[in-house]
Amino acid sequence: MANQNNPTAPDFKAEEATVSVQQTEASKRYKHVYTEISPDRIKSKETDGNVVTFRSLNNFGLRMTFRSPEVVRFHYSRRGVFRDEFSYAVLPAEGEKTYVTEEKEEAEYFVLHTSKLIIRINRSDMTVTISDSRGKVLAEECAPQYTRSTILKGMTDVRTAFKAKEGQAFFGMGDKASELNLRGRKFENWNTDSFGYHKNQDPLYRAIPFYYALHEGNAYGVFMDNPYRSFFDFDSEENGTVSFTAKGGEMNYYFIYGPELDEVAARYMRLTGVPEMPPLWALGFHQCRWSYHPESRVREVADKFRDLNIPCDSIYLDIDYMDGYRCFTWDKEEFPDPKTMIADLKKQGFHTVVMIDPGIRTDRDYHVYKEGIEGDYFCRRTNGEIMHGPVWPPDCAWPDYTRPDVREWWGKLYEGLYNDDGVSGFWNDMNEPAVFQITRATFPDEVRHDYDGHPTNHAKAHNIYGMQMSRASQEGLKALQTEKRPFLVTRATYSGGQRYSAVWTGDNVATWEHLEIANRQCQRLSISGFSFCGTDIGGFVEEPGGELLVRWLQLGIFHPFYRIHSSGNNLDGAAEAEKDLIRALEEENRQDQEPWAYGEEYTKHARTAIELRYRLLPYVYTTFRRHIMSGKPMLRSLAFYDQTDAKAVANESGFVFGEHILAYPIAKENATETEVYLPKGKWINYHTGEVFTGGTEVNIPVSIENSPIFVKAGAVIPHYPVMQYTGEKEVEELTLRVYYGKGLTYSELYEDAGEGYEFLNGDYSLREFYAKGEGGKLTLKQMKEGSRKSSYKNIRMEFYGFGATPSVVKADDKEIEVTAGENGSFVAIVSADFEKIEIK
């Protein structure tokens, strides 16, 4: 029988509103009984401040917790008894304010009001309808809550289903390798080692069960905080239904109202947390390979970066720096004096980042394994045996990072590398957790975890395992050097993991299609809470060739984590289970993938791309700080720029970085032109100074030298001089590019020491710029905040979009000299402390 409210919705066996026990012939044979329960008529309602609880006649429970007028938690219990509120993803609620402004009881509904939402709970089956304060329906359940359990496994399914409105678009869900709009597809969340993944392959490395819904310019989000394996279906059967299902636990989701997409994003970040400011060098360029060894090879790569004047801040060491894949050790034959090597690299301006995996080699003489055994820190099976299996070592044990004492122990293990040897950052890999040589490729569900005092099995802990590893690593680094900002990048994580580390999109492939995927993945990760993201530039598997590598570097300019990484011709370290795949995907003569790998012509263009990243570094750093302060994603799909514009919502290739830059990476081989869609407003071509009116599609000529970049009219974009690494020298002159636009536009520049936490005590500089243009005239005012003194005394002002050199330019009421610049601009030098500039 179909649901009466939506005949096209799937039959969840909920319309009977009773316990249904069914046995097929096969299940009788195996004595397998399953129970399906949905709520029947509501019998009671209780209100306690921001918490409203409903129970049905068959004891099904719904507890609604109002976190704000726009954010409501819906927590269901099939027996009416609500479990502990513990969550790794969600931060504790702040304040004691009551958000429920009115409660009404109607014949068929209970009705709850906040200042932003109206929520109706159907008396007959507990279905929910959520409307905005004007009564416009935002989300409506098309079937009652559904649960299924078995005698042998307990709860196996909890499901929520909403109606999908015609024309409704859906976004988010992390790094899914598909189109930005999720409509018409279904996805799985189960952190999976996905070597050489392809378009639409699912699942991948991260579980981020959070999506946006957009309809007629009105947006909301849904975050299902249930870490079990989950499935999201965005009307894949074209039956007008969006559903999300978890394979265990309880249904627990947050409804997050906008109505703006940016507001949904900000509220999701307030719910799950924001990252800390990274060290400035972490936003520079990183070079990585599997693997740089021995020491002489590392030094050779570092020297060549400096010889070729290609900026770079970091060199990575993959697993081959270790002694037999023993984490926190060095191969003393290949790296006889790592401390000296790291110190020498630091003198050249390179930070060293090394990989750490969770799989600890089984070796009684290995101090980490020995301590793990003595402290009982490793995961165990239900029979009490330690969970053993192969990864890079033939046999490993894995720490249970869901125990606070294990996290503390793990954090202290970094002391030798971090404090003694001088390693600057760490790369947590293989932490899905990956296990080789078995079809499942990870732990059995029955492996036990402490879960911070809420003991459970791996079916629940799997998706948060990598997140808790990165948490243990970050907390350890902060404890070891309290004055230093930790840098950490992780492969596997869960919602809220952005508090601990950056992420990258895993083992991608060197193809043009993967360049398109990389563009969409980082847009999606950013709007899903992980703005500090990037890809393996050039592709981890196969060879990109010069043009593709350059195009990928141009895309990466606007990815906060900016790193080349490749697999190299590396079969020596591969597990037997992966060797055939590597052989099939790579040639034996695999070429290296440094920026100079494909000859001088491509080296020149690679250098140009990386130099632009360093010139824009103050804008990138300021954007990161704004992300932390506001919760707004650093990268935003065009739908987030104008959610009322159908063409912007449908756009897959362009994105806005920060407040003012619109980027269109080139993902087609041998491209000579590209069509771009410019959303509302005026836009100035960054490379040519040409002015365009938004709301139009424009053909832009392109060459290998750069990809299209546009700046919003009215913006002020800060630039540093090119350096070979951050902090190479003091900035003696800041450049501000000022783009003429009508009306009032706000821009800012944030600077601090780039390291440490003194900015929390006021040691920072925030320059706020207010540009007001009208009739070709412009007034630019500057306001300053913070106690930090800038290293530069003067600012080079470059003015674009004016059409002609003005007759008068004044700084603080004094006329100043201007000269002609490039691409129709004009230039003036002013004091860094100016308060007002007038252009007439």
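Where does Asp235 lie? These legends take a predicted model and zoom in on four spots, starting with that one.

**View 1. Asp235 sits in a loop between two strands.** The strand on one side is E19 (230–234), and on the other side you'll find strand E20 (241–246). Take a look at the backbone here: phi of Asp235 is near 60°, a positive value, and this residue isn't a glycine. Is Asp235 buried or exposed? Its relative accessibility is 7%, and buried means under 20%, so Asp235 counts as buried.

**View 2. Asp812 is a non-glycine residue with a positive phi.** The angle is about 50°. You can spot Asp812 in the loop that runs between strand E51 (809–811) and strand E52 (814–815). With a relative accessibility of 33%, Asp812 falls in between the cut-offs of 20% and 50%, so it counts as partly exposed.

**View 3. Asp202 and Pro203 are joined by a cis peptide bond.** Check out omega for this bond: the value is about 0°. Which loop holds Pro203? Pro203 belongs to the loop between strand E15 (186–189) and strand E16 (206–207).

**View 4. A cis peptide bond links Trp290 to Ser291.** Omega is about 0° for this bond. As for Ser291, its loop has a strand at one end and a helix at the other: strand E22 (285–287) and helix H3 (295–307).

Note on methods: Residues are numbered from 1 along each chain as its sequence is written. This is a predicted model: local features need pLDDT of at least 70, side-chain atom pairs count only at pLDDT 80 or more; totals for chains, interfaces and linings use all residues. Side-chain values use heavy atoms; hydrogens and water are left out. Helices (H or I, at least four residues) and strands (E, at least two) are DSSP runs, numbered from the N terminus. Buried means under 20% relative accessible area, exposed over 50%, partly exposed in between (1.4 Å probe, protein chains only).
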